[in-house]
Amino acid sequence: MEDKMGRFLTAAKFYHSLGWSLIPIRVDSSKRPALDSWTEYETRQATLDELERWFGQDKHNIALVCGEESGVATVDDDSYKAQGGQIKLASTLTQTTPRRGTHYLYKCPTGLRPSVNEELAVDIRANGSYILIPPSSINGVEYTWNTKKVSDFKNLPLLPLAYLEKIQV
């Protein structure tokens with residue numbers, strides 16, 4: 001168990017070095033924050049002391065606060081659903097979710113809000129939303145990055161307007 005806590009704190013510090021805003025998430029399958037309110041982290045990064053408290057001693061999953069503070073927008077393709085996989089997406093930074101969907105990470109355009117397209121089984125996560133990131137897990141199945149190159153984390157591509165036009169309804 002101690003080794004796993006070390007992985008979480010190490011990961012959190014790496015993500016923090018990228019300028020990403022992070023929050024702790026309950027370990028149950030609810031994906032709910034382990035904070036009374038997480039909205040302050042939409043406009044500020046957690047301190048290293050907060051990261052130590054959340055991920056160094058307590059057992060929490062890690063969430064990336066999407067949007068302008070982190071500079072990251074995510075397209076969540078639930079390709080495991082019957083209607084999923086209709087849009088061919090690409091990004092240099094992707095992760096596989098525990099249900100075998102894919103998160104495609106991009107630079108966040110100013111003012112982008114989350115949206116859900118149930119017909120295509122694709123969501124946009126941006127200002128006002130978050131995603132779980134490795135080494136987080138749901139029901140014992142981990143989120144996994146599909147790259148190991150640090151440059152893929154630091155040089156996110158722009159979110160193509162064509163994706164937004166197809167996804168947003």
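**Exercise 1. The surroundings of I133**

Leaving aside its neighbours within four places in sequence, with which residues is I133 in contact? Then place I133 within the nonpolar interior of this predicted model.

*Solution.* Begin with the contact list: once the neighbours within four places in sequence are left aside, I133 touches Y15, W20, L22, I62, L64, Q95, Y143 and W145. Next, turn to the largest nonpolar core, which has 33 residues, and in which I133 belongs with Y15, W20, I62 and L105 to those that have the most contacts inside it. Then ask which elements build this core: α1 (2-17), β1 (22-25), α2, β2 (61-65) and β8 (130-133) each give two or more residues to it, and the largest share, five residues, comes from α1. Finally, keep this core apart from a second, separate one of 16 residues, which includes V75, Y106, L120 and L164.

**Exercise 2. The two sides of α2**

Determine which residues of helix α2 (residues 48-57) are buried, and on which side of the helix the exposed residues D49 and Q57 lie.

*Solution.* The first step is to collect the buried residues of α2, which are E50, L51, W54 and F55. The second step is to consider their directions around the axis: they cover an arc of only 100°, and therefore they lie on the same side of α2. The third step is to look at the other side of the helix, where D49 and Q57 are exposed.

**Exercise 3. Strand β5 and its sheet**

Work out the pairing partners of β5 (residues 102-107), and explain why β5 is largely enclosed by the rest of the structure.

*Solution.* Consider first the pairing with β3 (residues 72-77), which is antiparallel and extends over six bridges; within it, T74 has L105 of β5 as its bridge partner. Consider next β4 (residues 93-96), which runs antiparallel to β5 and is joined to it by four bridges, with T102 of β5 as the bridge partner of T96. The hairpin formed by β4 and β5 has five residues between the strands, and in this hairpin R100 takes a positive phi near 80°.

Now place these pairings in the open sheet, whose six strands follow the order β6-β7-β3-β5-β4-β11 with antiparallel pairing. At its edges stand β6 (115-117) and β11 (144-145); each has a single partner strand, so one side of each is left without a neighbour in the sheet. As for enclosure, five of the six residues of β5 are buried, and so the strand is largely enclosed by the rest of the structure.

**Exercise 4. The chain as a whole**

Compare the radius of gyration of the protein chain with that of a compact globule of 169 residues, and describe the overall dimensions and burial of the chain.

*Solution.* Start from the expectation, which for 169 residues in a compact globule is a radius of gyration near 15 Å; the chain has 15 Å, so the two agree. The C-alpha atoms fill a box of roughly 45 × 35 × 30 Å along the principal axes, and the chain includes four helices and 11 strands. Buried residues make up 50% of the 169 residues, while the chain exposes about 8500 Å², of which carbon and sulfur atoms supply 48%. Lastly, among the contacts with a separation of 6 or more, 73% are between residues 24 or more positions apart.

Methods
Residues are numbered from 1 along each chain as its sequence is written. This is a predicted model: local features need pLDDT of at least 70, side-chain atom pairs count only at pLDDT 80 or more; totals for chains, interfaces and linings use all residues. Side-chain values use heavy atoms; hydrogens and water are left out. Buried means under 20% relative accessible area, exposed over 50%, partly exposed in between (1.4 Å probe, protein chains only). The arc is that of the directions from the helix axis to the C-beta atoms. A nonpolar core is a set of buried Ala, Val, Leu, Ile, Met, Phe, Trp, Tyr and Cys residues joined through side-chain atoms within 4.5 Å. Contact means heavy atoms within 4.5 Å. The radius of gyration is taken over C-alpha atoms; the globule rule is 2.2 Å times the number of residues to the power 0.38. Accessible areas come from the Shrake-Rupley method with a 1.4 Å probe; for residues, only the protein chains shown count as cover. Two strands pair if DSSP finds at least two bridges between them.
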